[in-house]
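Colleague: Could you take me through one spot in this model up close, and then put that spot in the context of the whole chain? I'd like one connected account.

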Amino acid sequence: MLPGRMDAAAVQKAGGISGLQIAAAGWYESRNVEQLAEMEMALQEVLPLALKQSPWVINQPGWEEAAQQQAYHDAGSILLAKCCTLLYAGRAEEARPGLMMVDERFPHALLLHPDHTVVQVRKRLHYHEMACVLDAAIKGKHMDVFEFPPERDEFDGYAQRQAVLDLTLEHLRVGDYEVLEAYVSQARLRHLKTAAGQWVTSLICDSLHPGPEEEWPDEKWTEVGEVIQGWLKSKPDSPDAHLAIQVHDLTKFTRERPKNRRSVITKMTEAQKKLEKIGPLNPVVTQLQMTFSMLLEDDFSIAAGYFNEGYDRFPDFMPNLYMMYVHLLKDSEGPSLNMKFLAHLGKSEHAETLALLLCQLPPLIVPITVQGLDPKILAASIHRALELYPHSLSLRNDLGRLATLLKMPDLAREIMLPVGAHWDREKWLGMEEEVTRLIERKMVNKGSEGEA
């Protein structure tokens, strides 16, 4: 009997999804190479109908709609399981045809669960592909020459960021300290960045605590703290291990929202002394020092001093630029100071930082923020960012949205033409009509050229 085949009653019992979806979910989780033959047999059974359905699935469907396009999503889900199994078995070349098939024929496929949750096949597959590529470089100690590959679609920016976050914790958990040390130190020494220009050093530190909208239970805080202590014990002279301890402990301390100001002052004072011993070799040190200053409500000059010291060494480290921008907002002369700050960035050797900073701001405040800035400086900054990071579709989405907010339609169109159908639905949320017009113009131009 074909793996995953179910009668109508069984499909109904499974929440309305096919047996192949149940089977694919199991294969995806196990990544057992011995099940590859089953995956291939199931794929060959469903593929003819799936390919017929493919031209009609032009957008990401909802769960209910996807359940009506069964073969299409079954095929995509089996390809997800098959490709992941091959990738994690070190058989990347064998996985490549399946990766291409997902990209070209099943880009909107979903792995469906009975509880109506879904996995976006292409997004997860690109993540796993990136994680395997990066992990091979880390384990092989090739981070001294590693470069992030060009982004192929709107999910690759996420894939690169998430791979760094996950693999840092993974190598900590398994106690692979020799490999970890080489990885982290090379990322710092090389100022290594993703294809979209995000500092790997910053992402590594971000992995040591939950994101702004996440929460960790006490046991996970303890677990991560213990594995970092293991790293430090193994490498007592490692400045990166010492900094990791500070990032983890201080993030935990601040998220607990201590009410006793004296305890805050004591903790921050101790941390400052430890950071001074680490030295300014890592831009995250400056980030922490500025954070302390904000928590302690110090005079603005103290945070400015930390910022200036870090800026001299790492003028394109975006987290510090963003923190200074936010700090300036709290000053009585905030708007004036921010205008000078942004103008300075746009005229500096790292003019791209102006555009990259504006991309991080809430869309509603961007037009207000740039009032009075020379449009030529803004356009030059955007072009400089495109020159430095030409292989990032996620950054093009950011910059295209920024140009749209700045009322620069010609520039927005120039930015988004190479993006085409790979516009990011999350980044353009609420601005779908605007981005559609930009992409449609490309289609009109192609039609006109064909007629000519």
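Modeller: Sure, and one cut-off before we start: a residue counts as buried when its relative accessible area is under 20%, and as exposed when that area is over 50%. Keep in mind that this is a predicted model. The spot I'd pick is Glu 154, which sits in the loop between α7 (121-139) and α8 (156-173). With a relative accessible area of 7%, Glu 154 falls under the 20% cut-off, so this loop residue is buried. What does its side chain meet in there? One partner is the side chain of Arg 122, joined to that of Glu 154 by a polar contact of 3.2 Å. Another is His 422, whose side chain makes a polar contact of 2.8 Å with the Glu 154 side chain. Leaving aside residues up to four places away in sequence, Glu 154 touches Arg 122 and His 422, plus Trp 423, Asp 424 and Arg 425.

Now zoom out. Across the protein chain, 66% of the contacts between residues at least 6 apart in sequence join residues at least 24 apart. Buried residues account for 52% of the 452 in the chain. For secondary structure, you get 23 helices and two strands. The radius of gyration is 25 Å, which agrees with the value near 22 Å for a compact globule of 452 residues. Along the principal axes, the C-alpha atoms fill a box of roughly 70 × 60 × 40 Å. As for charge, the mean positions of the 48 positive and 64 negative charges lie 2 Å apart.

Conventions:
Residues are numbered from 1 along each chain as its sequence is written. This is a predicted model: local features need pLDDT of at least 70, side-chain atom pairs count only at pLDDT 80 or more; totals for chains, interfaces and linings use all residues. Side-chain values use heavy atoms; hydrogens and water are left out. Helices (H or I, at least four residues) and strands (E, at least two) are DSSP runs, numbered from the N terminus. The radius of gyration is taken over C-alpha atoms; the globule rule is 2.2 Å times the number of residues to the power 0.38. Buried means under 20% relative accessible area, exposed over 50%, partly exposed in between (1.4 Å probe, protein chains only). Contact means heavy atoms within 4.5 Å. Lys and Arg count as positive and Asp and Glu as negative; His and the chain ends are not counted. The place of a charge is taken as NZ of Lys, CZ of Arg, CG of Asp or CD of Glu. A polar contact is a pair of N or O atoms within 3.5 Å; within protein, one must be able to donate a hydrogen and the other to accept it, and residues adjacent in sequence count only if both atoms are side-chain atoms.
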